[in-house]
Amino acid sequence: MSRPLHRGGGRFSPNSHGIWDDDSQMKDKLEKEDVDRKSPNADQTYLSIRQPFRFLLTDNSSSKHGLMENGFVSDPFSPGVLRNRHKRTLLLLRLSLVVIVILALTGSFWWTISITTSSRGQVYRGYRRLQQQLVSDLVDVGKLSLGSTRLKDLEYCSPESENYVPCFNVSENLALGISTGDEYDRHCGPSSRQSCLVLPPVNYKIPLQWPWGRDLIWVANINITAQEVRSSGSLTKRMMMYDEDQISFRSASPGYDDMEDYAHQIAEMVGLRNESNFIQSGVRTILDIGCGYGNLGAHLFSYELLTMCIANYEASGSQVQLTLERGLPAMISSFTSKQLPYPSLSFDMIHCAGCGIDWDQKDGILLVEVDRVLRPGGYFVWTSQLTSSQQYLRKKENQKEWNFVHGFAKNLCWDMLSQQVDTVVWKKTSKKNCYSTRKSGSGPSLCNRGRDVESPYYRPLQGCIGGTQSRRWIPIAERTKWPARTRLNSNELAIHGLNSDDFAEDTLNWNSAVRDYWSLLSPLIFSDHPKRPGDEDPSPPFNMVRNVLDMNAHFGGFNAALLEAKKSVWVMNVIPTTGNNHLPLILDRGFVGVLHDWCEAFPTYPRTYDLVHGDGLLSLEFGEKRRCEMLDVFIEMDRILRPEGWVILRDTATLIESARTLTTLLKWDARVVEVDNNSDERLLICQKAFVKRPAM
């Protein structure tokens, strides 16, 4: 029997069967070696297929396959060697699988702990979302590692910025040579942008729950002194009592028993029995110029009347800041040189009680602006000593002012309905033909189409009568009454280019969205909350939503859904200047709102809103075109948001992830929630932390 032929050796078996056999074997061997020489990689390829982990089995001997004691190379394909190799391979495979399983279980355990216990974690569904989040975090880390100054931790502003409002720096305006009253107007520039976080005053306290917060506010939350309260001279300012740490509001002022009597008097002058009949007469929204501290709006709110307070920026004793602190609509606005950022024909009544405006100045152009925003058949109420005090009218300049206002109102086609004590009420005409029946050259002319802009944005004041070109010229008595006005009929929708089906679908979507929002917020708002810094906490619930800012209001559906859900809130509906202008529609529904450019500061004081909402705002401002940085907008949101206030943003997953990164710089608690499994949209829900400046 022949012995097996070993590769690498030339020995023959001593028990050979014959020369032909040896020759045949030699010939076969030579042919095989010749083929191997022509295909040097053949054996390696075979080994790579049969033994994919062969690189783990290398021997430490000097030979590739190892030498046996007789000097011959061992056969790697011999049964014994293969069996040993297979055992080692299986052993390593088993050890690798065990290590992988242990690592997977450990990682899964720690992922579960971090997601379920972290208050700053994000809410995701499915393993795919975890993978996407991991990639996003790595990208964020990469951005931060670049050392960009915009992604460094933001510093806190100095104490002087506690009540500062960008774009309303009177001293800077005077230094630039702006005067004659225009220094109080809004002037935005690159220097007005803030890049720091505004901290609340040292003794700041969370406002009380509505409606108690309407009648009682904390002194430390606003920039006002006891002397400023006591020296307030207007009708609505005097209705307040100053205590050591709080201000309470009461109805008492010289000449009137209380605000109820004053509102009742206005209703009678209009021809109504009392203020409860305003709604039926077509009055729903009121613009209160120089509102004092919002007492008229606070009283009328119980009659479902919505009063928007506007006043100049004031470094201290601010009417707007205090009104917002009470949970009432207000914004900084001065129209000494520019038009208001409201559409024409927006308000049912305009009120001015001791507002400090000289209506006879600039050839009556301020009265022309009042006429522009007043709806046909609407009312202008003016309370001033100028209207009745004989002692006041003895001065020629006072008599001249009264005569001018009286005559100019007539040329605007206003009818003077009544005059009682210090109050005069005019009614704007409901008929356009009134303007053509005026004497030639009497009063301002009508604006042509080029100048009659329905929704101006801080344009220079116009000396012509606006709004007459609008399809919205509808007398208030003929409009749908509140609250049916929120839904608008098909004819009213057609004026705004909408059909009933699209409007109904928008309503259903927002009703569903508000239910989802509240189901997410309620456990957070009403749950046990960590103790706030400072004094004793007020009784729960700790976070109450009253002032709401909708940064991209669309048709006002969010506002309507909140009212439909019986939420005790009011909404400032903002239409960005870069989007479709639906602000006329929003005001026609009986809401309040304003045009605004979100690359600029919003005209309000710090800490004035409990909830900031934005649906599609990021896509609008930072999608295809970017005029400013997203971080700048978020810093502005932080400025106007109250401590422990909430932010809800709804947008694409990519933009929401970018926004979530910025919330870390703002020190907000943030979480991301999926809107729908089949949707690319996400919700970003944030809460601003209550960080207080240490006492000096």
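Student: In this predicted model, which residues of strand 12 lie on one side and which on the other, and are they buried or exposed?

Tutor: On one side of strand 12 are Trp 570, Met 572, Val 574 and Pro 576, on the other are Val 571, Asn 573 and Ile 575, and all of these are buried, which leaves both faces of the strand covered. The general idea behind such a reading is that side chains in a regular strand alternate between the two faces of the sheet.

Student: What does the burial say about the surroundings of strand 12?

Tutor: Because seven of the seven residues of strand 12, which spans residues 570–576, are buried, the strand is largely enclosed by the rest of the structure.

Student: Which strands pair with strand 12, and in what sense do they run?

Tutor: Strand 11 (residues 547–550) runs parallel to strand 12 and is joined to it by four bridges, with Met 572 of strand 12 serving as the bridge partner of Leu 549. Strand 13 (residues 592–596) also pairs with strand 12 in the parallel sense, here over five bridges, and Ile 575 has Leu 595 in strand 13 as its bridge partner.

Student: Which helices belong to the β-α-β units that contain strand 12, and what is the handedness of each unit?

Tutor: Helix 17 (residues 557–564) stands with strand 11 and strand 12 in a right-handed β-α-β unit, while helix 18 (residues 583–588) stands with strand 12 and strand 13 in a unit that is likewise right-handed.

Student: Turning to the cysteines, how many disulfides are found in the whole structure?

Tutor: A search of the whole structure finds seven. One of them joins Cys 157 and Cys 196, whose sulfur atoms are 1.9 Å apart, and because the torsion about the S-S bond is about 100°, this disulfide is right-handed. The pair links distant parts of the chain, 39 residues apart, with Cys 157 in the loop between helix 4 and helix 5 and Cys 196 in the loop between helix 5 and helix 6.

Student: What handedness does the disulfide of Cys 291 and Cys 309 have, and where do the two residues lie?

Tutor: Here the torsion about the S-S bond is about -55°, so the disulfide is left-handed. Cys 291 lies in the loop between strand 4 and helix 9, and Cys 309 in strand 5, so the pair ties together parts that are 18 residues apart in sequence.

Student: Are Cys 291 and Cys 309 buried or exposed?

Tutor: Cys 291 is buried, with a relative accessible area of 1%, and Cys 309, at 2% relative accessibility, counts as buried too.

Definitions and conventions:
Residues are numbered from 1 along each chain as its sequence is written. This is a predicted model: local features need pLDDT of at least 70, side-chain atom pairs count only at pLDDT 80 or more; totals for chains, interfaces and linings use all residues. Side-chain values use heavy atoms; hydrogens and water are left out. Buried means under 20% relative accessible area, exposed over 50%, partly exposed in between (1.4 Å probe, protein chains only). Two strands pair if DSSP finds at least two bridges between them. A crossover is right-handed if, with the strands pointing away from the viewer, the path from the first strand over the helix to the second runs clockwise. A disulfide is a pair of cysteine sulfur atoms within 2.5 Å.
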